[in-house]
Amino acid sequence: MSADLHTHSRVSDGTEAPAELIRAAVAAGLSTIALTDHDSTDGWDEASEAARSLGLRLLPGIELSTRTNGHSVHLLGYLVDRLDPELVAETERIRTSRQHRAEAIVERIDADYPLSWQDVLAQSQPGTTIGRPHIADALVARGYSANRGEAFAGILHPRSGYLEPHYAPDTLEGVRLIRAAGGVPVLAHPGTRGADRVVPRDRLAALVEAGLFGLEIDHPENREDAKVALRTLAREFGLATTGSSDYHGTGKVNRLGEHTTSPEVVEEIIRQARGSEPVH
Ligand code: AMP
Ligand code: FE
Ligand code: FE
Ligand code: ZN
């Protein structure tokens with residue numbers, strides 16, 4: 001009965017095809033997973049077919065890139081209508097900006113460490129939501145870093161000066177967008193920067209007012225002090241709490257099912273959703 005509500009495939013920065021991800025979830029003993037690729041629903045069909053044939057329950061979803069005061073904030077959107085025109089337009093805008101931003105980052109790196117856009121394309125499939133992980137893979141292929149983690153700690157670290165942000169809507173707009181597309185929005189890994197930098201109370205109140213459903217508290221990168229603060233906020237605002245792995249295949253150390261979400265919360269997500277249905 002265990003549910004892992006945050007996973008990535010090759011459609012974004014995971015390393016497995018959607019069907020491989022479903023097989024890995026079955027092998028890990030999970031009964032439900034959500035596929036939440038960054039800013040894309042392109043993996044849904046392949047994942048759904050695999051889930052049906054292997055008897056796993058799939059909650060099709062998305063991890064929407066948003067921004068609050070210049071900081072990147074990720075929103076999980078479960079069971080959205082993937083054809084919702086506003087969601088389609090906004091995710092296309094984000095993906096296009098991600099690509100231009102990645103090209104600019106590669107150009108800057110190239111001045112110090114020879115690297116081309118071809119190197120990045122070789123690490124991704126056509127249509128992939130491009131992110132820093134694909135640049136990291138290109139740096140690994142060139143022999144500049146041993147793995148993604150090292151690339152992020154080195155050349156791709158903000159202090160190295162090669163980065164720039166991509167377009168993303170405001171987080172409040174993201175919550176509204178996911179609800180308008182019939183989905184159920186959950187704030188992804190809101191505690192990675194510690195207890196004193198979790199979402200401020202008044203900001204959270206506005207997100208709840210816009211339709212926020214829950215907080216992803218059990219996440220490998222949330223800090224323990226932040227989890228305590230977030231549980232208090234969840235109680236105060238009547239928010240659901242979720243747990244998930246944020247699995248990226250071999251792209252991250254996160255293991256499938258290392259954190260899970262209670263059956264009651266999964267059922268409430270399904271009950272509230274209007275955009276699409278779980279796949280059995
Ligand atoms: P971007 O989408 O370009 O903002 O890059 C952020 C993505 O990089 C996140 O979704 C993570 O999957 C990945 N990431 C961040 N830090 C690391 C790390 N240290 N090792 C592997 N992947 C990472
Ligand atoms: Fe990612
Ligand atoms: Fe994320
Ligand atoms: Zn994620």
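The following exercises, with worked solutions, concern metal sites, a loop contact and a helix in a predicted model.

**Exercise 1.** Identify the residues that coordinate the iron ion (ligand 3), and state where Glu63 and His74 lie in the chain.

Solution.
- Step 1. Glu63 (OE), His74 (ND1) and His189 (NE2) coordinate the iron ion (ligand 3), at 2.0 to 2.2 Å.
- Step 2. Read along the sequence, the spacing of these donor residues is E-x10-H-x114-H.
- Step 3. Glu63 belongs to strand E3 (residues 57-68) and His74 to strand E4 (residues 71-78), and the two are 11 residues apart.
- Step 4. Glu63 has a relative accessible area of 0% and is therefore buried. His74, with 15%, is buried as well, because the cut-off is under 20%.
- Step 5. A distance of 5.4 Å separates the iron ion (ligand 3) from the iron ion (ligand 2).

**Exercise 2.** Describe the arrangement of donors around the zinc ion (ligand 4), and decide whether it is tetrahedral or irregular.

Solution.
- Step 1. The protein donors are His6 (NE2), His8 (NE2), Glu63 (OE) and Asp246 (OD), and they lie 2.0 to 2.3 Å from the zinc ion (ligand 4).
- Step 2. Four donors count as tetrahedral if all angles lie between 85 and 135 degrees.
- Step 3. The angles subtended by the four donor atoms run from 77 to 164°, so the arrangement is irregular.
- Step 4. Along the chain, the donors of the zinc ion (ligand 4) have the spacing H-x1-H-x54-E-x182-D.
- Step 5. His8 is in the loop between strand E1 (3-7) and helix H1 (18-27), while Asp246 is in the loop between strand E7 (240-243) and helix H10 (263-272); the pair therefore ties together parts that are 238 residues apart in sequence.
- Step 6. His8 is buried at 0% relative accessibility, and Asp246 is buried at 2%.
- Step 7. The zinc ion (ligand 4) is 4.4 Å from the iron ion (ligand 2).

**Exercise 3.** Trace the contacts between the loop that holds Thr15 and the loop that holds His248.

Solution.
- Step 1. Thr15 is placed in the loop between E1 and H1, and His248 in the loop between E7 and H10.
- Step 2. Beyond its neighbours within four places in sequence, Thr15 is in contact with Arg10, Arg148, His248, Gly249, Thr250 and Gly251.
- Step 3. One polar contact can be specified: the Thr15 side chain reaches the backbone nitrogen of Thr250 at 2.8 Å.
- Step 4. With the same neighbours left aside, the contacts of His248 include His8, Asp13 and Thr15. The side chains of His248 and Asp13 make a polar contact at 3.0 Å.
- Step 5. Thr15 is partly exposed, at 26% relative accessibility, whereas His248 is buried, at 4%.

**Exercise 4.** Determine which residues of helix H7 (residues 171-180) are buried, and what covers them.

Solution.
- Step 1. The buried residues are Thr171, Gly174, Val175, Leu177 and Ile178.
- Step 2. Because they cover an arc of only 165° around the axis, these residues are on the same side of H7.
- Step 3. Their cover includes E3, E4, helix H3 (85-110), strand E5 (184-187) and helix H8 (201-209).
- Step 4. At the start of H7, Asp170 brings a side-chain oxygen to within 2.9 Å of the backbone nitrogen of Leu172.
- Step 5. After H7 comes Gly182, with a positive phi near 80°.

Note on methods
Residues numbered from 1 in each chain as written. Chains lettered and ligands numbered in written order. Predicted model: local features only at pLDDT ≥ 70, side-chain atom pairs only at ≥ 80, totals over all residues. Heavy atoms only, no water. Donors = N, O, S within 2.8 Å, 3.2 Å for Na, K, Ca; no water. Helix = DSSP H or I, 4+ residues; strand = E, 2+ residues; numbered from the N terminus. Buried < 20%, exposed > 50% of the residue type's maximum accessible area, 1.4 Å probe, protein only. Tetrahedral: all angles 85-135°; square planar, octahedral: opposite > 155°, others 65-115°. Contact = heavy atoms within 4.5 Å. Polar contact = N/O pair within 3.5 Å; in protein donor to acceptor, adjacent residues only side chain to side chain. Arc of directions from axis to C-beta.
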